[in-house]
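Me: Could you take a close look at the aromatic pairing in this structure for me? I would enjoy one connected walk through it, with the surroundings included.

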Amino acid sequence: MFVERPEPDGALAGIAPLLAAADVVFGNFEGVLSERHPAVPGGSPAQITSPAYASGLGGFDVVSLANNHAMDAGRGGLVDTVDELAKLDVRTVGAGANLAEALAPVVIEKSGTRLAFIAVTAVLQHGAEARHDVPGLAPLRADDAYLQIGRAHV
């Protein structure tokens, strides 16, 4: 989800009753909320927007930042995004100030039921992964292997 429009609070108006009725609302935030950090090389300037547009996300309990656009404005933009969402009481998962924070679950308890959210991504630019003492995304490492089925014609 990425919300940038003249009336950000109305962006999700069509599903507002559904969101309001839910015990917990989770989504994927595909963007950056920052006015201080421009796009980095390879980042998409179109995915970077003013924090003023974030108000439409106030109905979410948790959003994933583990995606290919969370680092479009670099580590500073990621930190700004986490801070802006926290101001709306929206918790983030899949990114953080270091690898432990990026991989940490968000746990929410509602009506006696505990829910844990995690988020990882295998779609990220080189160097966008969080490290021991470096902000970034929760990386998912995957190795692909292909086995030819059938006889090879020589």
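**A close look at the aromatic pair**

Reply: Phe-117 is a good place to begin: its relative accessible area is 15%, so this residue is buried. Please keep in mind that we are looking at a predicted model.

Searching the whole structure turns up 1 aromatic pair. Its members are Phe-26 and Phe-117, whose rings are stacked, with 5.0 Å from centre to centre and 20° between the planes. Since the cut-off for stacked is under 30 degrees, the angle of 20° places this pair in that class. Phe-26 belongs to strand E1 (residues 26-28) and Phe-117 to strand E8 (residues 113-117), so their pairing ties together parts that lie 91 residues apart in sequence.

The two partners also deserve a look one by one. Phe-26 has 39% relative accessibility and therefore counts as partly exposed, whereas Phe-117, at 15%, falls under the 20% limit for buried.

Now to the wider setting. The protein chain contains 3 helices and 9 strands, and along the sequence they follow the order α-β-β-β-β-α-β-β-α-β-β-β. Of the contacts with a separation of 6 or more, 70% are between residues 24 or more positions apart. Buried residues account for 40% of the 154 residues in the chain.

As for the interior, the largest nonpolar core has 18 residues, and Phe-29, Phe-60, Val-63, Leu-65, Leu-78, Leu-85 and Leu-137 are the ones with the most contacts inside it. Another core, of 8 residues, lies apart from that one and includes Val-24, Val-62, Ile-108 and Ala-119.

For contrast, let us visit a residue further along. Ala-142 sits in the segment after strand E9 (136-137). With 57% relative accessibility, Ala-142 counts as exposed. From C-alpha to C-alpha, Ala-142 is 10.0 Å from Thr-121 in space, and the two are 21 residues apart in sequence.

Finally, stepping back to the whole chain, its C-alpha atoms fill a box of roughly 65 × 40 × 35 Å along the principal axes. The accessible surface is about 9100 Å², and carbon and sulfur atoms hold 55% of it. The chain carries 10 positive and 18 negative side chains, and the centres of these two sets are 6 Å apart.

Key:
Residues are numbered from 1 along each chain as its sequence is written. This is a predicted model: local features need pLDDT of at least 70, side-chain atom pairs count only at pLDDT 80 or more; totals for chains, interfaces and linings use all residues. Side-chain values use heavy atoms; hydrogens and water are left out. A nonpolar core is a set of buried Ala, Val, Leu, Ile, Met, Phe, Trp, Tyr and Cys residues joined through side-chain atoms within 4.5 Å. Buried means under 20% relative accessible area, exposed over 50%, partly exposed in between (1.4 Å probe, protein chains only). Helices (H or I, at least four residues) and strands (E, at least two) are DSSP runs, numbered from the N terminus. Contact means heavy atoms within 4.5 Å. Accessible areas come from the Shrake-Rupley method with a 1.4 Å probe; for residues, only the protein chains shown count as cover. Lys and Arg count as positive and Asp and Glu as negative; His and the chain ends are not counted. The place of a charge is taken as NZ of Lys, CZ of Arg, CG of Asp or CD of Glu. Rings of Phe, Tyr and Trp (its six-membered ring) pair if their centres lie within 6.5 Å; planes under 30 degrees apart count as stacked, over 60 as edge-to-face and the rest as tilted.
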